[in-house]
Structure formats: C-alpha cells, structure tokens
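The exercises below ask you to reason from burial, contacts and charge pairing, and each is followed by a solution in steps.

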Amino acid sequence: QVQLVESGGGLVQPGGSLRLSCAASGFTFRNYAMNWYRQAPGKERELVAGVSPTGSSTNYADSVKGRFTIFRDNRKNTVLLQMNSLKPEDTAVYFCYAAAFNVWGQGTQVTVSS
C-alpha cells in the first residue's frame, strides 16, 4: 500500500536550517506530484510546497518563498524540503502528502526557538 515516512525534523535556532525527507513506497513515485504541508498548534493544516512528477515545476506558500526549496530524487523515491532562514513562526508538524492517493505521512516536528 501507499506509504510515506518523514524524517529530519528537530529543534533549530532562528535563522538556522533543516532538511526534511519523505520516503515513499507502494506506488510509481516518479509519476506523481508530491506536496509538503504543515500544521501549527491551533491552526489549520496549510500547503507549504509542491513539486511536479519530474521536479521541473514547483510552487510555494508566500510565507516560505525564497527560504524553502522542495525537490525530489526519483531514483530514491524521496521528496525533500530544504528549509533555510527558519523563523519561530515556521514551528509546526510537517507532513508529506501524495494527493493522487490522499495519503499522508505521520508528520515530523519542526521547532524553531532560541
């Protein structure tokens, strides 16, 4: 079955960087767009970034443009999110999402705090 497993979250100081990874299985990964979402305490889940099947097209929430980069490695069935210049308001649980299958990963916590 379709499965998504995130990793790479943690505690980082403001201005720092983290790279999240999402390992996908159970489907032909290279054929499908992938997305990263996040959910902060007391807030709705929001789209952070998306990437096309080949990686040639990406989209970002305005709040992360210029700081976050989504990319994928279709040889390794992995989608990644490079997060730079992190801010306290980036604190959230980050989820990988395969829209074609309506499948979510379990999430990984990112905390930005001094």
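**Exercise 1.** In this predicted model, decide whether Val64 is buried or exposed, and then state which residues Val64 touches beyond its sequence neighbours.

*Solution.* Begin with the accessibility: Val64 has a relative accessible area of 0%, and because buried means under 20%, Val64 is buried. Next, place the residue in the fold, where Val64 belongs to the loop between strand S6 (58–60) and S7. Then list the contacts, leaving out residues up to four places away in sequence, and the result is that Val64 touches Arg38 and Val48. Finally, as a check on a residue elsewhere in the chain, the C-alpha atoms of Val64 and Ser21 are separated by 17 Å, the two residues being 43 apart along the chain.

**Exercise 2.** Work out which residues are linked with Arg38 in a network of salt bridges, and classify Arg38, Glu46 and Asp90 by burial.

*Solution.* Recall that side chains of opposite charge can pair when their charged atoms come close. The first step is the pair of Glu46 and Arg38, whose side chains form a salt bridge with an N to O distance of 2.7 Å. The second step is the pair of Arg38 and Asp90, which meet at 2.9 Å, again N to O. This second pair joins distant parts of the chain, with Arg38 in strand S4 (residues 34–39) and Asp90 in the loop between strand S8 (78–83) and strand S9 (92–98), 52 residues apart. The third step is to assemble the network, which links Arg38, Glu46, Arg67 and Asp90. For burial, Arg38 is buried at 7% relative accessibility, Asp90 is buried at 0%, and Glu46 is partly exposed at 35%.

**Exercise 3.** Find how many salt bridges the model contains, and describe the one that Asp62 forms.

*Solution.* The count comes to 5 salt bridges. Asp62 pairs with Lys65, their closest N and O atoms being 3.1 Å apart, and Asp62 itself is exposed, with 67% relative accessibility.

**Exercise 4.** Identify which elements give two or more residues to the largest nonpolar core, and then trace the contacts of Met83.

*Solution.* Start from the core, which has 30 residues and in which Met83 is among those with the most contacts, along with Leu4, Met34, Trp36, Val79, Leu81 and Tyr94. The elements giving two or more residues to this core are strand S3 (18–25), S4, strand S5 (46–51), strand S7 (68–73), S8, S9 and strand S11 (108–112). Turning to Met83, and setting aside residues up to four places away in sequence, its contacts include Leu18, Leu20, Phe68, Tyr94 and Val110, as well as Arg67, a residue that also belongs to the salt-bridge network of Exercise 2.

Notes:
Residues numbered from 1 in each chain as written. Predicted model: local features only at pLDDT ≥ 70, side-chain atom pairs only at ≥ 80, totals over all residues. Heavy atoms only, no water. Salt bridge = Lys/Arg side-chain N within 4 Å of Asp/Glu carboxyl O. Buried < 20%, exposed > 50% of the residue type's maximum accessible area, 1.4 Å probe, protein only. Helix = DSSP H or I, 4+ residues; strand = E, 2+ residues; numbered from the N terminus. Core = buried A, V, L, I, M, F, W, Y, C linked by side-chain atoms within 4.5 Å. Contact = heavy atoms within 4.5 Å.
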